[in-house]
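Biologist: Please take a close look at one part of this model for me, the pocket and what lies around it. Then carry on to the other local features.

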Amino acid sequence: MKLTFNIIDWQASAPGLCESDQWQAWSQVPAEIALSAPIAKCRHLPMMTARRLASGSRLAVDCALAILSRHKVDALVFSSRHGELERNFRILTALAENESLSPTDFAMSVHNSAVGNTTIAAQQALVSSSVSAGYDSFAQALVEVTSLHHAGYQRVLLVDFDGLIPEFYHSHLAGEAVKIPFAVALLLEAGSQICCETTPRQNSESQDLPQSLTFLHGWLGQQAAFTLAGERMSWRWSRN
């Protein structure tokens with residue numbers, strides 16, 4: 001499989017990282033993010049909407065709105081491995097303890113909650129898609145972006161995100177990507193600026209960060225080539 005794109009703009013947020021110069025400095029050192037670092041306040045998201053969203057969705061919608069304020073966008077693709085896990089865990093806990101469910105938790109518990117709230121906050125009826133494909137959610141979302149490009153949508157905004165993962169699930173994710181709230185937004189056009197080719201995954205390949213953060217580290221760091229580890233294949237990126 002081969003994917004090619006032009007990156008028109010980007011926006012990202014994670015603990016201790018929000019401004020462009022912070023991310024640029026981060027890309028020049030080993031890719032680590034401290035969970036204990038503060039998360040910047042949302043700048044583009046209305047306060048009442050922000051209060052209704054879980055940690056990852058809040059960052060995702062705010063990053064998307066930042067891009068939408070600067071560019072015309074033809075379609076949206078949101079990807080998340082865990083989606084609204086924080087909210088769904090609260091629902092399951094309430095059911096287990098015979099407590100009343102929060103109407104907000106119930107209404108916002110679906111996987112496309114973040115992309116739906118983006119179109120509402122932006123007041124734009126954009127074509128949208130929400131992807132979840134396990135550890136490869138970001139990579140598979142890029143395949144979705146390519147499909148939209150082929151369908152005639154020129155500028156597609158991809159937002160990959162995840163929120164805080166409840167401690168109950170940590171033992172099931174041992175040794176996998178760090179459990180931090182983050183969002184990475186990329187405005188993509190069809191082009192040849194950066195290219196990805198898939199190869200069989202080697203058992204020795206691993207990475208500590210989610211795919212989109214590893215991608216951002218390699219791209220901002222001006223690396224000529226870098227690889228994202230996947231569940232069954234590797235995603236090898238190079239600049240043209």
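Modeller: The lining of the largest pocket is mixed: eight of its residues are nonpolar, six are charged and four are polar. This is a predicted model, so read every value here as computed from a prediction. The pocket has a volume of about 260 Å³. It is lined by 18 residues, and those closest to its centre are Gln-11, Ala-12, Cys-18, Arg-43 and Ala-66. Two elements each supply at least two lining residues: strand S1, residues 2-13, and helix H3, residues 55-68. S1 gives the largest share, with five residues.

Stay with Arg-43, which is among the residues closest to the pocket centre. Arg-43 also forms a salt bridge with Glu-19, and the closest N and O atoms are 2.0 Å apart. Arg-43 sits in the loop between helix H1 (20-26) and H2, while Glu-19 sits in the loop between S1 and H1, so the pair ties together parts that are 24 residues apart in sequence. The two partners differ in cover. Arg-43 counts as exposed because its relative accessibility is 55%, over the 50% cut-off. Glu-19 is partly exposed, at 31%.

That pair belongs to a set: the structure holds five salt bridges. Side chains of opposite charge can pair when their charged atoms come close. Another of the bridges joins Glu-84 and Arg-87, at 3.8 Å from N to O. Both Glu-84 and Arg-87 are buried. A further bridge joins Glu-189 and Arg-155, at 2.7 Å from N to O. Glu-189 lies in strand S5, and Arg-155 lies in the loop between helix H7 (137-150) and S4, so this contact ties together parts that are 34 residues apart in sequence. Arg-155 is partly exposed, with a relative accessible area of 24%.

Glu-189 also serves as one end of a long span. From Arg-51 to Glu-189 the C-alpha distance is 33 Å, with their positions 138 residues apart in sequence. Arg-51 lies in helix H2, residues 47-52. Arg-51 counts as exposed, at 64% relative accessibility. A second span runs from Glu-167 to Phe-138: their C-alpha atoms are separated by 23 Å, and the residues are 29 apart along the chain. Glu-167 is in the loop between strand S4 (156-162) and strand S5 (182-200). Glu-167 is exposed, with a relative accessible area of 67%.

Now the surface. Leu-92, Leu-95, Leu-101 and Phe-106 form a nonpolar patch there, with about 400 Å² of accessible area together. Leu-101 is found in the loop between helix H4 (85-96) and helix H5 (103-107). Leu-101 is partly exposed, at 31% relative accessible area, so it passes the 30% cut-off for a patch.

The loop between H4 and H5 also holds Asn-98. Check the backbone there. Most residues other than glycine have a negative phi. Asn-98 has a positive phi, near 55 degrees, and is not a glycine. Asn-98 counts as exposed, at 73% relative accessibility. Gln-123 is another case: its phi is positive, about 55 degrees, although it is not a glycine. Gln-123 is placed in the loop between helix H6 (113-122) and strand S3 (127-131). Gln-123 counts as exposed, at 74% relative accessibility.

Methods:
Residues are numbered from 1 along each chain as its sequence is written. This is a predicted model: local features need pLDDT of at least 70, side-chain atom pairs count only at pLDDT 80 or more; totals for chains, interfaces and linings use all residues. Side-chain values use heavy atoms; hydrogens and water are left out. On a 1 Å grid over the protein atoms alone, a cavity is a set of points where a 1.4 Å probe fits but cannot get out, and a pocket is an open set with protein on both sides within 12 Å along at least five of seven lines; lining residues have an atom within 4 Å of a point. Grid points are joined across faces, edges and corners, and a volume is the space filled by probe spheres set on the points. Helices (H or I, at least four residues) and strands (E, at least two) are DSSP runs, numbered from the N terminus. Ala, Val, Leu, Ile, Met, Phe, Trp, Tyr, Cys and Pro count as nonpolar, Asp, Glu, Lys and Arg as charged, and the others, Gly among them, as polar. Patches are made of residues with over 30% relative accessible area and no salt bridge: like charges are joined within 9 Å, nonpolar side chains (Val, Leu, Ile, Met, Phe, Trp, Tyr) within 5 Å. Accessible areas come from the Shrake-Rupley method with a 1.4 Å probe; for residues, only the protein chains shown count as cover. A salt bridge is a side-chain nitrogen of Lys or Arg within 4 Å of a carboxyl oxygen of Asp or Glu. Buried means under 20% relative accessible area, exposed over 50%, partly exposed in between (1.4 Å probe, protein chains only).
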